[in-house]
Amino acid sequence: MAKFDISNIDRRWIYITILLGALLPLFVPITFAPKISPEVKAVYDYIDKLPPGSVILLSFDYGPSTLPETEPMAEDIMKHAFINGVRVIGISLTEEGALLALKAYSNVVKEFENYGTIRVNYGYDFVFLGYKSGRQAVILSIGEDIRKTFPTDYQGTNIDDIPMMFNVKNYKDISLVVDISSTNTPNDWITYAYSRYKVPVAVGVTAVLAANYYPFIQTGQIIGLIGGVKGASEYEYLVNQKIQSNWGMKPKRIPAMRNMSALTVAELLIVLFIILGNIGYFSQKGNKRR
Amino acid sequence: MAISSSIWVWIAAFLTLAVFSFLYKDNIIYKMVEALFVGVSAGYSIVIILKHSFVPNIWKPLFVSHNLLYLIPFLLGLLFFAMLSRKTAYLTHIPFAFLIGSGAGFALPLVFQTNVMAQVKGTMLFAPSHYPSLGAFINALIIFIGVLTVLFYFFFSRGEKTNRGIIVKTGIAFIMIGFGASFGYTVMARLSLLVGRLYFLFGTWLGILH
């Protein structure tokens, strides 16, 4: 009988184990109450303290391949804003973000229709100005006059005919920029919007990018960071708590927290494989020495 | 929930499974889907850029409103096509010069301010009383030691055989922790994409998940 070598397991067994590990929490719901990290809480608190009628600019800079991470972030930021009476201007600096922004907005509208508590109106609570190429130029020109950059919304409606845009000219009328991104667009928002115009910037990025933006928290160049599904699940938990305390209903749609449960089991398995791999490596090394 | 009756969901499910088939081994269906992805992405980008960039920024002002000022960027843009022939390729230097010149002019002061000045300021260490809590001071101290030791590692270690001092070794430890954190985040990111696809396959497509 061939000797079992732990460091030479066929990788396909690892894939199958992780697949089953990720599937299990989807079928048997296990939800973990997340520990809220300070960087996520900072974004939540900032939006929570904005007076009703304030305007935030939400930049949808992600692609379809990262939807499980980024879409819940965008939806929860919008939900939080709408609950507080904060209006949202949506734009996109990536080609793919334009369609996904409308998808996220329609998900939020549907969810709020189910609650039946508040009604979100396009043009009053939310407007989507569409995609523009030339990131840095777009960010800089919003600082001068948003009408020059986006004369119409994505449907072609003149920006001057959109009620929520009546008093919005540039960053002076915007309380916060939130960039939800799967690319390096947050660098541009920090460099050109924060450094040039001093508008507060919050960032929500995929987990791959999250580590890059921690240095900007320390320096106060961003007010907070939502990183990957973990950050998204924390924000979702906070928003759901607000919905529960305001309206007494428990949200059924919890994409980020659901993903986080599956992720926790799959990650535990990966840690286990790393430990097993190391045991195999060191025992092999020991055998060679002998 | 029942199995999806949408043809688009079925196509998406087939494409997802075709990509997953690579996990077993490389195959022709995976390669076909990979090529399809590249083609669709390129096509989508071209249409979006034409619709949202070329038409409103060049076509309408120049050919509808007849604003001749826009002739300058239009001609500069056209010069990029000169690279299609070796004889005329040198003409691309002109639009590139504009791009690099204006880009550097815009970027240099702000990028330096954002990535160097503000970061150096954020690394400076003050007396403990300057910080809101002891934890904040300890964090600042760790960042201070990390930045200094990593800089030492890059500037004062010469090759593999150098006898590395404690400062350089600490720098290496900080770099390793940084790599570890990035790797951990990367694993999390990839797994979340897997979970998203699983939810699509078992929920949207097969209707087993709610």
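# A walk through the parallel strands of chain A

L176(A), V178(A) and I180(A) point one way from β4(A), while V177(A), D179(A) and S181(A) point the other way, and all of them are buried. In a regular strand the side chains alternate between the two faces of the sheet. The strand itself spans residues 176–181 of chain A. It is mostly covered, with six of its six residues buried. Keep in mind throughout that this is a predicted model.

Which strands flank β4(A)? One partner is β1(A), residues 55–61, which is joined to β4(A) by six bridges. The two strands run parallel. Two residue pairs help to locate this pairing on the model. L58(A) stands opposite V178(A) in β4(A). S59(A) of the neighbouring strand has D179(A) as its bridge partner in β4(A).

β4(A) also pairs with β5(A), again in the parallel sense, over five bridges. Here S181(A) has V205(A) in β5(A) as its bridge partner. The chain gets from β4(A) to β5(A) by way of α7(A), and this β-α-β crossover is right-handed.

Follow that connection a little further. Helix α7 covers residues 185–197 of chain A, and β5 covers 201–205. K198(A) lies in the loop between them. Its phi is near 60 degrees, a positive value in a residue other than glycine. Y194(A) is found within α7 of chain A. What does Y194(A) touch, once its neighbours within four places in sequence are left aside? Its contacts are W189(A), V199(A), V201(A), G220(A) and Q221(A). Y281(A) is 87 residues away from Y194(A) along the chain, and the C-alpha atoms of the two are separated by 48 Å.

Now return to β1(A). How many of its seven residues are buried? The count is seven of seven, and the strand is mostly covered. V55(A), L57(A), S59(A) and D61(A) point one way from β1(A), whereas I56(A), L58(A) and F60(A) point the other way. Both sets are buried. Besides β4(A), this strand has a parallel partner in β2(A), residues 87–92, joined to β1(A) by five bridges. L58(A) appears again here, with G90(A) as its bridge partner in β2(A). From β1(A) the chain crosses through helix α3, residues 67–83 of chain A, to β2(A). This β-α-β crossover is right-handed too.

Next comes a helix with a buried side. In α5, residues 135–144 of chain A, the buried residues are V138(A), I139(A), L140(A), I142(A) and G143(A). What covers them? The cover includes β1, β2, α6 (146–149) and α7 of chain A. Chain B contributes as well, through its helix α4 (93–123).

Chain B offers one more residue to look at. H66(B) lies in the loop between α2 (28–64) and α3 (71–79) of that chain. Its phi is near 55 degrees, a positive value in a residue other than glycine. Is H66(B) buried or exposed? H66(B) is exposed, because its relative accessible area is 57% and the cut-off for exposed is over 50%.

Back in chain A, T264(A) sits in helix α10, residues 255–289. T264(A) counts as partly exposed because its relative accessible area is 22%, and buried would require under 20%. T31(A) is 233 residues away from T264(A) along the chain, yet their C-alpha atoms are separated by 9.9 Å.

Finally, step back to chain A as a whole. Its secondary structure comes to 10 helices and six strands. Its C-alpha atoms fill a box of roughly 80 × 40 × 30 Å, taken along the principal axes. Of its 290 residues, 53% are buried. Among its contacts with a separation of 6 or more, 76% are between residues 24 or more positions apart. The accessible surface of chain A comes to about 12,800 Å², and carbon and sulfur atoms hold 57% of that area. The chain carries 29 positive and 26 negative charges, and the mean positions of the two sets are 8 Å apart.

Key. Residues are numbered from 1 along each chain as its sequence is written. Chains are lettered from A and ligands numbered from 1 in the order in which they are written. This is a predicted model: local features need pLDDT of at least 70, side-chain atom pairs count only at pLDDT 80 or more; totals for chains, interfaces and linings use all residues. Side-chain values use heavy atoms; hydrogens and water are left out. Helices (H or I, at least four residues) and strands (E, at least two) are DSSP runs, numbered from the N terminus. Buried means under 20% relative accessible area, exposed over 50%, partly exposed in between (1.4 Å probe, protein chains only). Two strands pair if DSSP finds at least two bridges between them. A crossover is right-handed if, with the strands pointing away from the viewer, the path from the first strand over the helix to the second runs clockwise. Contact means heavy atoms within 4.5 Å. Accessible areas come from the Shrake-Rupley method with a 1.4 Å probe; for residues, only the protein chains shown count as cover. Lys and Arg count as positive and Asp and Glu as negative; His and the chain ends are not counted. The place of a charge is taken as NZ of Lys, CZ of Arg, CG of Asp or CD of Glu.
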